[in-house]
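This report looks at two residues of one chain and at one ligand site in another. Please have the sequence and the model open while reading.

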Protein chains: 2
Amino acid sequence: MIGSMMERPLLVSALLEHAARWHGKTSVVSQRAPQEGVTLGWADIDQRARRLAQALIRLGVRPGDRVGTLGWNHHRHLEAYYAIPGMGAICHTLNPRLFPDQLVQILHDAEDVGLLVDSGLLPLLLTLENLGVRLPWVIVMGEPGEARAPLLGTWFDYEVLLAEEDGGFNWPDWPEDQAAGLCFTSGTTGRPKGVVYSHRSTVLHAMSVALPDSLGFSACDSVLPVVPLFHANAWGFPHAAALVGAKLVLPGPWLDGATLYALLEREEVTISAGVPTVWRGLMSFLQAQEVKLHHLRLLGVGGSACPSMLVRYFEQEQKVTVRPGWGMTETSPVAALASPKRAQAELSGEARWHWLEKSGRPPFGVDMRLRDSEGREVNWDGKTPGHLEVRGPWICEHYWKEARETERAWFPTGDVATLDEEGFLQITDRVKDLIKSGGEWISSVQVEQAALLHPVLREAAVIGVPDPHWGERPLLIMVLEAGRVVEEEELRQHLARHVPRWSVPDGFLTVDSLPYTATGKVDKVALRQRYGEYTGG
Amino acid sequence: MIGSMMERPLLVSALLEHAARWHGKTSVVSQRAPQEGVTLGWADIDQRARRLAQALIRLGVRPGDRVGTLGWNHHRHLEAYYAIPGMGAICHTLNPRLFPDQLVQILHDAEDVGLLVDSGLLPLLLTLENLGVRLPWVIVMGEPGEARAPLLGTWFDYEVLLAEEDGGFNWPDWPEDQAAGLCFTSGTTGRPKGVVYSHRSTVLHAMSVALPDSLGFSACDSVLPVVPLFHANAWGFPHAAALVGAKLVLPGPWLDGATLYALLEREEVTISAGVPTVWRGLMSFLQAQEVKLHHLRLLGVGGSACPSMLVRYFEQEQKVTVRPGWGMTETSPVAALASPKRAQAELSGEARWHWLEKSGRPPFGVDMRLRDSEGREVNWDGKTPGHLEVRGPWICEHYWKEARETERAWFPTGDVATLDEEGFLQITDRVKDLIKSGGEWISSVQVEQAALLHPVLREAAVIGVPDPHWGERPLLIMVLEAGRVVEEEELRQHLARHVPRWSVPDGFLTVDSLPYTATGKVDKVALRQRYGEYTGG
Ligand SMILES: Nc1ncnc2c1ncn2[C@@H]1O[C@H](COP(=O)(O)OP(=O)(O)OP(=O)(O)O)[C@@H](O)[C@H]1O
Ligand SMILES: Nc1ncnc2c1ncn2[C@@H]1O[C@H](COP(=O)(O)OP(=O)(O)OP(=O)(O)O)[C@@H](O)[C@H]1O
Ligand SMILES: [Mg+2]
Ligand SMILES: [Mg+2]
């Protein structure tokens with residue numbers, strides 16, 4: 001027997017429709033140059049998205065087609081985020097920080113019928129065209145009249161296209177399991193793989209992100225995604241902001257400490273999220289200028305392990321709650337956040353950070369388990385590592401174009417983790433980055449986090465290098481704070497206080513900078529290529 | 001093209017499974033006598049619910065069957081809430097405050113295959129049996145050994161049944177649109193009508209209720225539903241608490257000010273919700289004892305219009321945020337809450353209350369419109385009333401056993417309301433309670449709310465009485481504060497300051513008490529029967 005409730009599909013367009021109708025005047029602010037912004041309301045965004053949808057239909061886009069986007073965080077990209085799935089197509093976000101070769105590969109794989117590109121990213125698009133990419137059409141996103149596209153193929157000016165439409169378009173109903181978005185993984189460990197979000201997964205994920213134990217969005221908030229719209233739904237910011245009618249602040253490509261600080265203050269931002277590198281940049285600026293954040297109250301940190309000092313600095317010096325989390329492109333991405341339970345709520349200082357520096361606990365909708373190599377679930381003792389597997393309505397079942405042989409009940413993340421008695425997850429490594437030394441597994445993440453507790457270290461990465469006796473031994477590659485030095489012996493002693501004896505690296509190597517991937521993670525493939533044969537000195 | 005996300009149905013049992021796995025030790029406290037409670041963990045509740053599911057299967061309950069419950073808010077009722085839909089049947093909650101005749105009618109309508117009843121409610125069940133009700137079996141919920149059921153039919157002791165099962169039961173998967181709950185409306189305006197919640201509607205509603213702008217549940221909260229489990233999902237408390245892993249406090253039938261205050265303090269309750277009458281009782285107690293609430297931070301008020309003085313007292317004297325809301329059995333029930341937007345967030349005092357005393361604004365998932373008698377949408381000017389219609393995935397499409405002729409895109413609520421420029425709803429009346437005086441409609445709710453601003457009035461109800469000249473004129477029926485009196489002329493002047501001239505009642509009638517319905521609303525049908533021919537003096 002079925003219930004007597006209305007059959008209403010969960011649709012991406014319904015989020016925007018809600019925001020337009022009930023929060024039409026609430027601002028969406030888009031930074032178009034440092035210290036310069038343009039302010040629209042949610043009703044304007046909806047109206048413009050409807051025009052874009054009309055334009056796409058006129059260009060021949062059909063339901064199920066992939067439409068690419070190559071852009072930073074701004075209102076036109078947001079409009080595309082809604083217009084493309086709204087008219088039934090799939091919004092395929094491309095990461096402009098990827099290598100051109102990777103982008104060529106991905107465009108080929110996705111078979112996009114067209115592309116929306118930032119006017120500022122036209123040089124990149126030209127490079128792609130020179131590498132052989134041919135797109136049926138390109139829409140250039142920029143201020144009216146700004147588009148001057150020296151492109152080989154057909155192109156349109158975004159604003160001109162919109163001006164030609166009347167916006168008299170009703171968002172159609174689609175089945176909620178229809179594809180809405182396509183995003184490729186970061187390519188940290190190999191070739192990027194495509195993940196196809198559905199309308200349903202996108203809406204449920206947005207509801208989850210807005211919950212108090214996740215990012216806690218309300219209509220009183222001003223939220224700023226530092227996380228890019230081009231990767232994994234930007235943690236759900238564009239969707240969750242519309243869902244609750246929050247003010248949305250889009251920073252464009254300017255994420256340096258000074259510009260970010262000015263924007264956070266000017267737009268009274270209360271909630272933001274991003275990768276650790278960006279927050280380290282902001283922290284350096286705040287420390288150097290000795291200034292305070294007056295509105296920010298919650299900072300989500302994910303993508304890589306969150307360094308302890310970030311948590312401490314923002315909680316102690318800036319009175320901002322730091323919320324580290326774990327997720328993947330394949331998990332929409334938010335799958336765990338380090339929010340306290342009642343047992344942790346009353347704690348402060350070290351006792352509090354003990355929990356908050358973990359990788360978090362899953363919200364309703366995400367289930368997790370850890371299994372050892374024999375497939376048995378490991379104990380929740382905070383010590384025994386296991387392969388992390390997840391499932392839920394916003395977790396990937398298979399990749400784009402992947403043959404779906406048998407149904408996958410659990411998604412294997414490729415991450416290794418522990419769970420403690422309270423159900424807090426700690427990512428200890430990627431399977432591919434684990435170091436096998438003698439009979440023991442060494443967690444590169446653990447050693448890096450411990451190394452970063454030393455005040456002289458600015459960045460740290462640990463990889464395994466061959467060792468005749470142990471098979472592999474850890475090598476610590478580090479960037480020091482400007483003008484500082486440190487003795488190897490001091491580091492060894494520092495590390496011995498935080499990690500098991502056998503995990504203390506044998507080799508220490510100081511470099512000027514670490515290589516980072518397109519989504520801001522340390523590029524260990526590159527490090528292994530460069531230093532994988534390092535044997536000291 | 002469909003997305004590549006996992007197909008995981010939204011199930012009621014998944015809420016409990018999540019709570020048991022990730023918040024297993026978090027408390028569910030059940031008051032079994034004033035000042036006396038029993039504490040279980042979410043893992044215990046899950047384990048006991050699995051046993052109950054096994055017992056129900058052994059009793060022959062099959063998917064789609066209705067299993068009735070007749071009980072107050074306690075952990076066994078909570079277990080039934082999960083066990084019944086968890087094993088595929090429909091949890092049909094019955095309101096013990098209804099007239100026995102209505103219960104007989106409802107039981108007949110629902111065709112329950114069995115009933116779970118509180119040991120304390122056996123006298124009521126005996127009455128029903130004497131009225132001819134015959135149930136295949138009855139399970140008596142009480143402490144072990146407490147069940148002594150002098151019933152005519154077959155009966156079981158809840159604890160004995162559970163002890164016979166091993167709990168080794170996996171919650172099966174069901175289609176998410178399968179029926180999970182059945183609840184009849186309050187019968188305020190006529191014969192109660194059945195609403196069938198699905199697994200999907202229940203889970204989506206719970207996610208919505210936990211959002212910051214709704215009740216904002218987190219794992220750090222201790223939440224107490226004063227709203228009964230037997231009516232409309234208790235505002236989603238039992239589901240939303242499991243969803244976030246909050247501590248859940250169940251008060252039993254003891255809702256007087258003294259007992260409620262002691263419980264709120266002892267269990268450090270942070271969030272509660274209920275009908276205005278209960279909060280008025282608590283307020284009187286707090287005022288008389290001159291005591292403070294130390295943990296409560298949010299109070300939901302719904303079911304009827306929230307009197308202004310309740311908002312003011314709790315916000316000013318107790319530093320508790322009051323959140324009035326609007327909903328119906330047919331809307332699961334939470335469909336609007338008076339949470340501020342950015343424009344209201346900075347306001348205080350009168351300016352703040354102006355918004356918060358409205359009936360709220362809809363969360364994502366609920367859409368609303370107001371139409372006049374010609375079917376045109378009325379202006380959002382805060383003045384023009386229209387018939388309120390709603391739609392969404394947790395809004396009723398048709399009633400239990402109602403022939404479903406054409407699909408209903410919008411549900412007609414039978415309420416009349418205004419919407420203002422900011423999208424805040426104000427319920428002005430039920431269609432059936434509106435008073436037509438000359439050419440003008442008079443809102444009984446508006447006059448009642450205005451009357452209650454007078455310090456001498458404790459309760460107030462306005463009905464229409466026949467008038468030879470105007471057709472109908474309003475009559476104010478009131479209960480005064482103990483030992484107080486008031487002149488008719490003073491009241492008239494007081495009202496003239498708050499409502500249109502033609503809405504000031506002609507007749508004033510002081511009574512000892514007002515009749516209330518089973519869900520705590522003023523019973524206007526009874527008032528009209530008693531005073532409908534009142535012509536003064
Ligand atoms: N809190 C965290 N702590 C440690 N690692 C994290 C954390 N959050 C995310 N990660 C890492 O990021 C990964 C997900 O990143 P993403 O989906 O962007 O692509 P990627 O895994 O880096 O690239 P690819 O899958 O293409 O190799 C996780 O599997 C995990 O290894
Ligand atoms: N904030 C509010 N202000 C005014 N009225 C409210 C408010 N909240 C709820 N109500 C009233 O309660 C009604 C819903 O109550 P419920 O579903 O419990 O049954 P009922 O309508 O009282 O009974 P029945 O439908 O059987 O006559 C709404 O339609 C509305 O009239
Ligand atoms: Mg990956
Ligand atoms: Mg009703």
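Which residues does Thr26(A) touch, not counting residues up to four places away in sequence? The model is predicted. In it, Thr26(A) touches Leu40(A), Gly41(A) and Trp42(A). Thr26(A) also touches Gly245(A), Ala246(A) and Lys247(A).

## Thr26 of chain A

Thr26(A) sits in a loop. That loop runs between helix 1 (12-22) and strand 1 (27-33) of chain A. Is Thr26(A) buried or exposed? Its relative accessible area is 16%. Thr26(A) is therefore buried, as the cut-off for burial is under 20%.

Pro324(A) gives a sense of distance. In sequence, Thr26(A) and Pro324(A) are 298 residues apart. In space, their C-alpha atoms are 28 Å apart.

## The ligand 2 site

There are 20 residues around ligand 2. Those that come nearest are Thr185(B), Gly187(B), Thr188(B), Thr189(B) and Thr329(B). By class, the shell has eleven polar residues, five charged and four nonpolar.

Three side chains place polar atoms by oxygen atoms of ligand 2. For Thr189(B), the distance from a polar side-chain atom to a ligand oxygen is 2.5 Å. For Arg430(B), the corresponding distance is 2.7 Å. For Asp415(B), a side-chain N or O atom lies 2.8 Å from an oxygen atom of the ligand. On its own, ligand 2 has 630 Å² of accessible area, and the protein covers 94% of it.

## Where the shell comes from

Which elements give two or more residues to the shell around ligand 2? They are strand 14 (321-327) and strand 19 (425-430) of chain B. Strand 14 of chain B supplies the largest share, three residues.

The shell also draws on two domains of chain B. Domain 1 (12-274) and domain 2 (367-430) each give at least three residues.

## His494 of chain A

His494(A) belongs to helix 15 of chain A, residues 488-496. Its relative accessible area is 7%. The cut-off for burial is under 20%, so His494(A) counts as buried.

What does the side chain of His494(A) reach at 2.8 Å? The partner is the backbone oxygen of Ala450(A). Ala450(A) is also among the residues that His494(A) touches, not counting residues up to four places away in sequence. The others on that list are Ala451(A), Leu453(A) and His454(A).

Notes
Residues numbered from 1 in each chain as written. Chains lettered and ligands numbered in written order. Predicted model: local features only at pLDDT ≥ 70, side-chain atom pairs only at ≥ 80, totals over all residues. Heavy atoms only, no water. Helix = DSSP H or I, 4+ residues; strand = E, 2+ residues; numbered from the N terminus. Buried < 20%, exposed > 50% of the residue type's maximum accessible area, 1.4 Å probe, protein only. Contact = heavy atoms within 4.5 Å. Near = heavy atom within 4 Å. Polar contact = N/O pair within 3.5 Å; in protein donor to acceptor, adjacent residues only side chain to side chain. Areas by Shrake-Rupley, 256 points an atom, 1.4 Å probe, with all protein chains shown as cover. Nonpolar A, V, L, I, M, F, W, Y, C, P; charged D, E, K, R; others polar. Domains from an automatic or database assignment.
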